[in-house]
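Open the model in your viewer and keep the selection tool at hand. We will make a few short stops together.

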Amino acid sequence: MAAGLTLTSSGGAVAVGNEALTADLDAILAVGALKGADVGVIVRDANTGEVVYTRQSGRRSQIASNMKMVTTAAALDLLGPDHRWKTELVSNGTRFGPVLNGDLVLRGGGDPTMSQKRYQQLADTLKASGVKVVNGALVVDDTKFDAQPYGTGWAWDDEPYSYNAETSALTLSPDEKFSAGTVIVRVKPGAAAGAPAVVSVEPANDHVQIVSTATTGTAGISVEREHGTNVIKVSGSTSVETTRLSTVKDPAGLVTSVFRKALKQNGIVVTGGVKRAKAPAGAAVLASDESAPLSQLNVPLLKNSNNMLAEVLVKTAGGSFSNGVRQLSTTWPGLGVDPNSVEVFDGSGLSRMSQFSPDDLASLLLKAKTKPWFAAWQASLPVAGVDGTLVNRMKNTPAAGNVKAKTGSLTGVSSLSGYVRTQDNRELVFSVVQNNVLRSVNPKTVEDRIVVRLASDGGAGVATPRIESAPQERYDVECSWIGSC
């Protein structure tokens with residue numbers, strides 16, 4: 001192919017003055033393991049927008065967690081980098097000494113980073129104000145978001161797993177990665193081989209029920225919540241302390257249990273039980289908690305590919321999945337995306353119904369560079385060989401510490417899109433999206449070979465990883481082949 005010859009993105013490759021690069025990328029994509037798969041690739045100059053390479057890059061397909069780039073960029077435009085989420089204790093009751101005559105309302109604002117400690121601090125603040133008795137009910141208000149817990153097109157059999165938790169305006173994260181809507185199940189071996197294992201839940205609550213047949217041994221532990229219930233079954237065996245995350249049904253119910261415990265520990269008596277309702281208009285704020293700003297929340301969201309943080313952005317934008325996507329889509333034209341050329345049903349990419357093209361993703365990457373929030377947003381992307389979902393990829397190559405990109409994985413789907421600087425100091429944006437990939441193939445190796453080749457351009461060249469053919473149920477500690485990341 002002659003240098004400078006350009007083909008349409010629905011055809012083969014494009015060469016723009018670099019026949020060697022085009023030949024190498026074509027060769028990487030010609031491997032037999034990709035036979036029958038749909039693969040789209042686009043590479044553009046990050047400063048001029050010039051197309052460097054393209055292969056079927058205009059075709060829409062599933063992009064898995066590359067959707068999080070779209071969601072976070074749109075949320076930064078719509079909500080602003082300084083947007084924060086509030087969780088409040090409010091009441092329209094009256095105080096008479098230590099007695100609050102009226103309901104106490106725990107009002108959720110959608111903060112997915114709330115923890116047991118922070119709910120405890122709300123109760124501590126109420127106690128410090130002098131309240132000892134609530135002569136009314138504890139009202140739980142999770143009406144900031146609608147009642148639909150899962151996005152359209154999510155897999156029903158992913159329900160027990162932490163990457164597929166329910167989205168709620170009142171939720172709780174039990175760990176530092178902000179795994180909202182889950183609890184930690186801790187399993188300790190017993191005193192001797194064959195003895196029952198000791199199982200506990202963090203935070204302690206009466207919302208979930210543990211049913212354990214686990215023993216002391218070496219077979220491994222399984223933790224799975226029964227469909228549609230809060231019964232968590234623990235089975236197998238372990239000789240070492242083991243932890244697993246389990247989703248819960250109705251995260252607001254979990255919060256209720258944890259917060260009631262916090263009130264009790266502070267000696268605060270609630271006489272009227274618990275009910276679910278919207279806080280009355282004009283209720284006075286008795287205590288409040290505020291999250292970190294969106295600009296900071298994007299770090300765990302993108303680095304760790306946190307699905308639930310992404311879905312909170314959607315519901316924060318519009319109260320529901322459908323209206324949230326509609327509101328976020330108003331920013332897409334300014335991000336280089338035509339709302340009429342894509343299909344989107346959630347914020348994380350879990351939905352099998354969402355459709356985007358590599359061209360759309362590359363356009364977003366280019367437009368993002370013009371935004372005032374770009375530097376912080378780009379810094380939130382995983383870095384090859386350094387952190388996040390790229391921590392174990394492309395180490396000891398020219399891509400390591402250089403490539404900033406978002407991963408994406410669903411069964412049969414893999415994507416990688418982001419920024420790379422070549423050895424002759426040219427910055428490129430790229431997007432690789434693979435669909436209908438067999439589970440016997442590791443598509444990440446294809447992505448790595450492409451990106452390492454881009455990072456090597458202008459230099460002497462380096463050997464790139466060969467494609468693997470071994471079954472890939474889980475190919476690194478950050479990213480599940482079944483889940484989405």
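Start by selecting valine 139 and lysine 275: this is a predicted model, and in it lysine 275, in strand 17, is the bridge partner of valine 139. Now widen the selection to strand 8 and strand 17 (residues 274-276), which run parallel and are joined by 3 bridges.

Next, stay on strand 8 (residues 138-141) and turn on its side chains. Which residues point which way? Leu138 and Val140 point one way, while Val139 and Asp141 point the other way. In a regular strand, side chains alternate between the two faces of the sheet. Colour these four by accessibility and you will find Leu138, Val139, Val140 and Asp141 all buried.

Add strand 6 (residues 104-107) to the view. Strand 6 also runs parallel to strand 8, and 4 bridges join them. To see one position along this pairing, pick arginine 107, which stands opposite aspartate 141 of strand 8.

Now move to a pocket. Select Ser257, Arg260, Lys261, Leu263 and Lys264. What do they surround? The second largest pocket has a volume of about 320 Å³, and of the 14 residues that line it, these five are the closest to its centre. Show helix 4 (251-265) and strand 16 (269-270) as well, the elements that give two or more residues to the lining. Helix 4 supplies the largest share, with 5 residues.

Finally, colour the lining of the second largest pocket by residue type: 7 residues are nonpolar, 3 polar and 4 charged.

Definitions and conventions: Residues are numbered from 1 along each chain as its sequence is written. This is a predicted model: local features need pLDDT of at least 70, side-chain atom pairs count only at pLDDT 80 or more; totals for chains, interfaces and linings use all residues. Side-chain values use heavy atoms; hydrogens and water are left out. Buried means under 20% relative accessible area, exposed over 50%, partly exposed in between (1.4 Å probe, protein chains only). Two strands pair if DSSP finds at least two bridges between them. On a 1 Å grid over the protein atoms alone, a cavity is a set of points where a 1.4 Å probe fits but cannot get out, and a pocket is an open set with protein on both sides within 12 Å along at least five of seven lines; lining residues have an atom within 4 Å of a point. Grid points are joined across faces, edges and corners, and a volume is the space filled by probe spheres set on the points. Ala, Val, Leu, Ile, Met, Phe, Trp, Tyr, Cys and Pro count as nonpolar, Asp, Glu, Lys and Arg as charged, and the others, Gly among them, as polar.
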